[in-house]
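Dear colleague,

Please find below the structure that I am handing over to you. My notes on what was found in it follow directly after.

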Amino acid sequence: MKYVALVYYDEATMQKLSQQQWDALNQECIACGDSLRERNYMLGGQALQPTTIATTLRVRSGQVEITDGPFAETKEQLAGFYLLDVKDLNEAIHVASKIPPARYGSIEIRPVRELQTTDNQNY
């Protein structure tokens with residue numbers, strides 16, 4: 001099964017880290033990703049730029065609306081994701097527990113919904 005592990009943390013807290021602490025965390029993330037790829041758990045993933053440079057797009061009544069910033073105000077912001085290929089939720093939890101920023105925020109684990117031409121799962 002495929003799961004996405006969404007990495008959330010408070011950007012203001014992360015900005016308080018020293019350059020050495022920030023670099024060390026990023027080095028841990030690189031090593032974590034390398035290890036997960038070597039074990040064929042990770043299909044892909046990326047860190048994201050901060051929400052201060054995000055753009056949110058909505059289409060309402062056929063009109064495109066653009067807003068600077070993230071979709072919603074929250075304490076923690078989406079910082080990146082890992083696309084995992086594991087056997088089930090228990091394995092996804094085990095694998096995601098190794099993602100270093102979990103110490104600073106949270107990791108949301110969500111199954112991937114594969115789009116099909118017909119018979120798509122409805123909420």
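Strands S1 and S5 pair in the antiparallel sense, and eight bridges join them. In this pairing, Tyr3 stands opposite Leu84 of S5. Strand S2, residues 42-47, also runs antiparallel to S5, and five bridges connect these two strands. Here Ala47 has Gly80 of S5 as its bridge partner. Please bear in mind throughout that this is a predicted model.

These strands belong to a protein chain with three helices and six strands. Read from the N terminus, the order of the elements is β-α-α-β-β-β-β-α-β. The chain has 123 residues, of which 28% count as buried. Its C-alpha atoms fill a box of roughly 50 × 35 × 20 Å along the principal axes. Among the contacts with a separation of 6 or more, 74% are between residues 24 or more positions apart.

Leu6 offers a view of such contacts from within strand S1. Leu6 counts as buried, because its relative accessibility is 14% and the cut-off for buried is under 20%. Leaving aside neighbours within four places in sequence, Leu6 is in contact with Leu78, Gly80, Phe81, Ser106, Ile107, Glu108 and Arg110. Leu6 and Glu76 are 70 residues apart in sequence, while their C-alpha atoms are 11 Å apart in space.

Asp10 is found in the loop between S1 and helix H1, residues 11-15. The side chain of Asp10 reaches the backbone nitrogen of Ala12 at 3.0 Å. Not counting residues up to four places away in sequence, Asp10 touches Lys75, Glu76 and Gln77.

I turn next to helix H3. Which residues of H3 are buried? In this helix, which spans residues 89-96, they are Glu91, Ala92, Val95 and Ala96. Seen down the axis of H3, these buried residues fall within an arc of 130°, so they line one face of the helix. A general point helps in reading this pattern: an α-helix has 3.6 residues a turn, so residues three or four places apart point the same way. The buried residues of H3 pack against S1 (2-9), H2 (19-38), S5 (77-85) and S6 (106-111). At the N-terminal end of H3, Asp88 acts as a cap, with a side-chain oxygen 3.2 Å from the backbone nitrogen of Asn90.

The nonpolar core comes next. In the largest one, which has 19 residues, Leu36, Tyr82, Leu84, Val86 and Ile99 touch the most other members. S1, H2, S5 and H3 are the elements that give two or more residues to this core. Its largest share comes from S1, which provides four residues. In general, nonpolar side chains tend to be buried together in soluble globular proteins. For Ile99, the contacts beyond four places in sequence are Ala5, Val7, Cys32, Tyr82 and Ile107.

Cys32, one of the contacts of Ile99, leads to the subject of disulfides. How many disulfides does the structure hold? The number is zero. Cys29 is in no disulfide, and the nearest cysteine sulfur, that of Cys32, is 6.9 Å away. Why is there no bond for Cys32? The closest cysteine sulfur to that of Cys32 is in Cys29, and the distance of 6.9 Å is too far for a bond. A disulfide requires the two sulfur atoms to be within 2.5 Å. Cys32 is buried, because its relative accessible area is 9%.

Finally, two loop residues deserve mention for their backbone angles. As a general matter, most residues other than glycine have a negative phi. Asn40, although not a glycine, has a positive phi of about 60°. Asn40 is located in the loop between H2 and S2. Is Asn40 buried or exposed? With a relative accessible area of 63%, Asn40 is exposed, since the cut-off for exposed is over 50%.

Ser61 likewise is a residue other than glycine with a positive phi, near 50°. Ser61 lies in the loop between strand S3 (55-60) and strand S4 (63-68). Its relative accessible area is 78%, and Ser61 is therefore exposed.

With kind regards

Definitions and conventions
Residues numbered from 1 in each chain as written. Predicted model: local features only at pLDDT ≥ 70, side-chain atom pairs only at ≥ 80, totals over all residues. Heavy atoms only, no water. Buried < 20%, exposed > 50% of the residue type's maximum accessible area, 1.4 Å probe, protein only. Arc of directions from axis to C-beta. Contact = heavy atoms within 4.5 Å. Polar contact = N/O pair within 3.5 Å; in protein donor to acceptor, adjacent residues only side chain to side chain. Pairing = 2+ DSSP bridges. Core = buried A, V, L, I, M, F, W, Y, C linked by side-chain atoms within 4.5 Å.
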